[in-house]
Amino acid sequence: MRRPRVVFVSHTGTMSGAEMVLCDAVAPWRGATAFLFEDGPLGPALQERGLTLVHARHGAGLSALRRDGSLWRSIPLAGRLLATVLALARCAKSHDVVYANSQKAFVLSALATALVRRPLVWHLHDILDPAHFGAAQRGLQVRLANARATRVVVPSTAAADAFVASGGRRDLVEVVPNGLDLDGDPGDPADLRRSLGLPDGPLVGVFSRLAPWKGQHVVLEALARSPGTACLVAGTALFGEDAYAAGLHALAAERGLADRVHFLGQREDVPRLMRAVDVVVHPSTAPEPFGRTLVEAMLVGTPVIATDAGAAAEILDRGAAGTLVPPGDAAALADAIARVLSAPPEIGDQVARAQATARARYGAARMQARLADLIRRAAGGE
Ligand code: UDP
């Protein structure tokens with residue numbers, strides 16, 4: 001069978017974890033099409049990987065539809081939604097399969113592919129549970145998926161279970177863990193600290209976009225209980241959570257942490273920074289669908305502390321490849337940080353296991369091969 005013609009669809013042009021995964025996933029698909037609703041760094045990144053870019057003329061602003069909002073809010077945007085569905089249908093017609101990389105992309109792709117009868121793969125990067133989405137939105141998503149998706153790809157068993165618990169068909173779901181580049185050399189921690197101008201003492205790091213459910217505030221509360229420990233906070237508010245970002249700075253000042261907490265903004269050198277810290281903390285207060293950040297820390301060989309919510313437990317082998325703490329519990333997090341910083345022998349074992357597990361399970365080539373196989377099957381009507 002000839003290689004299927006694929007159009008990859010995203011509602012956002014912003015680069016968060018899901019879009020980083022898409023950039024890795026398209027590596028075998030040079031010459032394919034990317035249909036984006038809005039401008040942003042994702043477009044050029046996909047072009048660099050050999051994809052032809054199509055911009056939805058009326059797509060800008062559609063990403064402003066809120067995840068937890070009522071469907072009524074979408075009414076003023078109805079004209080633009082319809083125009084985008086029709087443009088997407090025209091584009092889909094000259095392709096064998098449509099691959100939607102986000103929820104909003106999926107909803108519009110479901111309508112477009114119904115018009116032109118094309119198979120539809122939905123890469124669901126979210127965890128469909130009440131902590132993240134309203135009931136109406138979850139209901140719409142799973143009904144559309146059950147009726148229109150040829151396959152639903154999720155990155156973890158936790159995300160698969162949440163989809164099914166929301167009413168999604170189990171037979172549609174395929175778990176394909178996110179894959180990362182295994183070849184980077186982050187460097188020597190002491191050299192890195194010197195070259196990055198980082199403090200010498202105990203240092204923890206948090207590496208996620210700034211958003212309330214990503215839980216950076218819990219780390220600040222834990223630091224208030226951990227005298228002498230400093231912290232790097234990398235990341236920025238990508239989807240309008242600016243008030244939360246400002247609140248973090250205020251909280252650091254209020255707790256007297258201003259000289260121990262280093263807000264670095266959005267960084268392009270996360271693995272190097274992870275290698276330079278003593279502990280990576282992943283403090284999400286709501287379930288994570290995956291958490292590339294966890295795997296990046298495992299790959300560079302830095303101990304990880306993560307909240308036990310969503311996929312963290314399966315990625316960290318139920319605590320054998322990292323330390324799990326309850327979500328939103330600053331005291332438990334402070335205790336875990338103190339324990340890891342004291343470097344007991346079992347942490348060395350954890351790190352070795354984490355590195356081996358991450359290399360075996362979470363390589364980009366593995367993900368690319370599995371997705372390519374799935375796309376071929378979907379194009380062939382399987
Ligand atoms: N990240 C980054 N720069 C930063 C903070 C985070 O490049 O300053 C990256 C991080 O290394 C990871 C991704 O953003 O690869 C976040 O993916 P994850 O799955 O952890 O979370 P998501 O944003 O998808 O919820």
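**Entry 1: the loop between H12 and S13**

I started with arginine 318, which is found in the loop between H12 and S13. Helices here are DSSP runs of H or I with at least four residues, strands are runs of E with at least two, and both are numbered from the N terminus. This is a predicted model, where local features need pLDDT of at least 70, side-chain atom pairs count only at pLDDT 80 or more, and totals for chains, interfaces and linings use all residues. Residues are numbered from 1 along each chain as its sequence is written, and side-chain values use heavy atoms, with hydrogens and water left out.

I looked up the phi of arginine 318 and found a positive value near 55 degrees, in a residue other than glycine. Aspartate 317 also lies in the loop between H12 and strand S13 (323-325). Its phi is positive too, about 45 degrees, although aspartate 317 is not a glycine. I noted as background that most residues other than glycine have a negative phi.

Are these two buried or exposed? Aspartate 317 counts as buried because its relative accessibility is 16%. Arginine 318 is exposed, with a relative accessible area of 64%. The cut-offs I used are under 20% relative accessible area for buried, over 50% for exposed and partly exposed in between, with a 1.4 Å probe and protein chains only.

**Entry 2: arginine 3**

Next I went to arginine 3, in the segment before strand S1 (6-10). Arginine 3 counts as partly exposed because its relative accessibility is 38%. Which residues does arginine 3 touch, leaving aside its neighbours within four places in sequence? I found contacts with Pro28, Trp29, Arg30, Ala32 and Asp96, where contact means heavy atoms within 4.5 Å.

Two backbone oxygens caught my eye here. A polar atom of the arginine 3 side chain lies 2.8 Å from the backbone oxygen of proline 28. The same residue, arginine 3, reaches the backbone oxygen of arginine 30 with its side chain at 2.6 Å. For a polar contact I took a pair of N or O atoms within 3.5 Å; within protein, one must be able to donate a hydrogen and the other to accept it, and residues adjacent in sequence count only if both atoms are side-chain atoms.

I also checked arginine 376: it is 373 residues from arginine 3 in sequence, yet their C-alpha atoms are 7.6 Å apart in space.

**Entry 3: helices H5 and H6**

In helix H6 (residues 157-165), I listed Ala158, Ala159, Ala160, Ala162 and Phe163 as buried. What covers them? The cover includes strand S5 (120-123), helix H5 (135-148), strand S6 (151-154), strand S7 (173-175) and helix H12 (312-315). Glycine 167 follows H6 and has a positive phi, near 110 degrees.

From H5 I picked glutamine 141. It counts as buried because its relative accessibility is 2%. Apart from neighbours within four places in sequence, glutamine 141 is in contact with Gln103, Phe106, Val107, Trp122 and Leu128.

**Entry 4: the two domains**

I then looked at how the protein chain is divided: domain 1 covers 6-179 + 363-379, and domain 2 covers 189-361. These bounds come from an automatic or database domain assignment. Taken over C-alpha atoms, the domain centres are 29 Å apart. The contact takes 24 residues from domain 1 and 17 residues from domain 2.

**Entry 5: H11 and the ligand**

Why do I call H11 largely enclosed by the rest of the structure? Because 9 of the 9 residues of H11 are buried. Among them are Arg292, Thr293 and Glu296. Just after H11, glycine 301 takes a positive phi of about 80 degrees.

H11 also led me to the ligand: helix H1 (17-25) and helix H11 (292-300) each supply at least two residues of its shell. Of the 17 residues around the ligand, Lys214, Arg267, Arg292, Thr293 and Glu296 come nearest; near means that a heavy atom of the residue lies within 4 Å of the molecule. The shell draws at least three residues from each of domain 1 and domain 2.

By class, I noted 5 nonpolar, 7 polar and 5 charged residues in the shell. Nonpolar here is Ala, Val, Leu, Ile, Met, Phe, Trp, Tyr, Cys and Pro, charged is Asp, Glu, Lys and Arg, and the others, Gly among them, are polar.

For the ligand's polar atoms, I found an oxygen 2.6 Å from an N or O atom in the side chain of threonine 293. A ligand oxygen is also 2.6 Å from an N or O atom in the side chain of glutamate 296. A ligand nitrogen is 3.3 Å from an N or O atom in the glutamine 266 side chain. Taken alone the ligand exposes 540 Å², and the protein buries 90% of that. Accessible areas come from the Shrake-Rupley method with a 1.4 Å probe; for residues, only the protein chains shown count as cover.
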